[in-house]
Amino acid sequence: MKKIVFLTGAGMSVESGFKTFRGNDGLWENYPVEQVASHEGWEQDPTLVTNFYNMLRKKLYAAQPNEGHKIIAALEKEYNVTVITQNVDNLHEKAGSTHVIHLHGELTKVCSSREPYDPQYIEELGPDNSQVAPGTKAGDGSLLRPFIVFFGESVPMLEPAAREVEDADIFVVIGTSLNVYPAASLLYYTKPGTPTFLIDPNAVSTEARNITYIRKGASEGMKELAEMLPKL
Ligand code: APR
């Protein structure tokens, strides 16, 4: 089976009702990104940040994967598929994708603010208990925080993601402005000559080579790509 690796960003979930980061005056769902998605923002006002992710989590549990997510999941019948996503939503999983690497964390989880990656303190929240009361403690007594990689923090899933990209026979980038590093650096890990596609309705600039641009939204773009794949 050929291996297809996807790298997805905020544009992947636009057709499911989520907003992108850039292009909204620096606001993410109406909040300044530095306030709700940075390490300093969390330290300054954990209540505001907890409430923000409560709101987003509620929205996520009411959201559905779009046609683009579904086509990616369906490709598992014929390909070895890995999805690397910068998104914190679980819409790839909800569509049926079974191998998803989250570079920037997961909205459905909360963790210790002292040891975010200690598995014994990571809790999975569901639609019936999606809201965290500000001030709630993790098992180690520190504040429970969203399992999100904030700006200013390291990205531990980058290495495993890079290994997947190195192994790819086909690489597909969808809905990311490629502004945020280290995620954007993944484009440079492909083997020479690997067919690479970039699906985005807007122009995205990258110095990576060998790229076929599909100037469409995620769903339409994935339909077009699915028709091209058997010929590769
Ligand atoms: N389908 C596909 N792509 C779309 C669509 C759509 N329907 N609508 C918009 N886009 C594209 C935009 O043209 C843009 O290139 O999605 C891209 C979104 O870019 P960003 O908002 O910069 O999002 P992303 O690249 O995912 O941001 C990276 O930044 O704030 C951090 O951690 C956060 O993971 C996030 C990271």
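Before I show any pairs, let me fix one term: two strands count as paired here if DSSP finds at least two bridges between them. With that in hand, and bearing in mind that what we are looking at is a predicted model, we can begin with strand S4, residues 80-85, which is joined to S5 by three bridges, the two strands running parallel. Within that pairing, Ile-84 stands opposite Ile-101 in S5.

These two strands belong to an open sheet of six strands with parallel pairing, whose order reads S5-S4-S1-S9-S10-S11. Its edge strands are S5, residues 100-102, and S11, residues 211-214, each of which pairs on one side only. If we ignore direction, neighbouring strands of this sheet are turned by 20° against each other on average. Helix H7, which spans residues 218-228, lies across strands S1, S9, S10 and S11, and it runs at about 155° to S10.

Let me turn now to the other sheet I want to discuss, an open one of three strands, in the order S7-S6-S8, where the pairing is antiparallel. Here the edges are formed by S7, residues 123-124, and S8, residues 144-148, each pairing on one side only. Strand S6, covering residues 105-112, pairs with S7 in the antiparallel sense over two bridges, and Val-110 stands opposite Glu-123 in S7. Helix H3, residues 46-61, packs on this sheet and touches S6 and S8, its direction making about 140° with that of S6.

How, then, is the protein divided into domains? Domain 1 takes in 1-18, 65-104 and 154-232, while domain 2 consists of 21-62 and 107-148. The C-alpha centres of the two domains lie 25 Å apart, and the contact takes 14 residues from domain 1 and twelve residues from domain 2. About 980 Å² is buried between domain 1 and domain 2, with carbon and sulfur atoms giving 64% of that area. On the domain 1 side, the residues that lose the most area to domain 2 are Phe-18, Val-88 and Asn-90, which together account for 47% of what that side buries. As for salt bridges between domain 1 and domain 2, the count is zero.

Finally, a word on one loop residue, Asn-30, which lies between strand S2, residues 27-28, and strand S3, residues 31-32. Is Asn-30 buried or exposed? Its relative accessible area is 59%, and since the cut-off for exposed is over 50%, Asn-30 is therefore exposed. Its C-alpha atom and that of Lys-19, eleven residues apart along the chain, are separated by 9.5 Å.

Definitions and conventions:
Residues are numbered from 1 along each chain as its sequence is written. This is a predicted model: local features need pLDDT of at least 70, side-chain atom pairs count only at pLDDT 80 or more; totals for chains, interfaces and linings use all residues. Side-chain values use heavy atoms; hydrogens and water are left out. Helices (H or I, at least four residues) and strands (E, at least two) are DSSP runs, numbered from the N terminus. Contact means heavy atoms within 4.5 Å. Axes are lines fitted to C-alpha atoms, for helices over the stretch in contact, and angles run from 0 to 180 degrees between N-to-C directions. Buried means under 20% relative accessible area, exposed over 50%, partly exposed in between (1.4 Å probe, protein chains only). Domain bounds come from an automatic or database domain assignment. Buried area is the accessible area (1.4 Å probe) that two parts lose on being put together, summed over both. A salt bridge is a side-chain nitrogen of Lys or Arg within 4 Å of a carboxyl oxygen of Asp or Glu.
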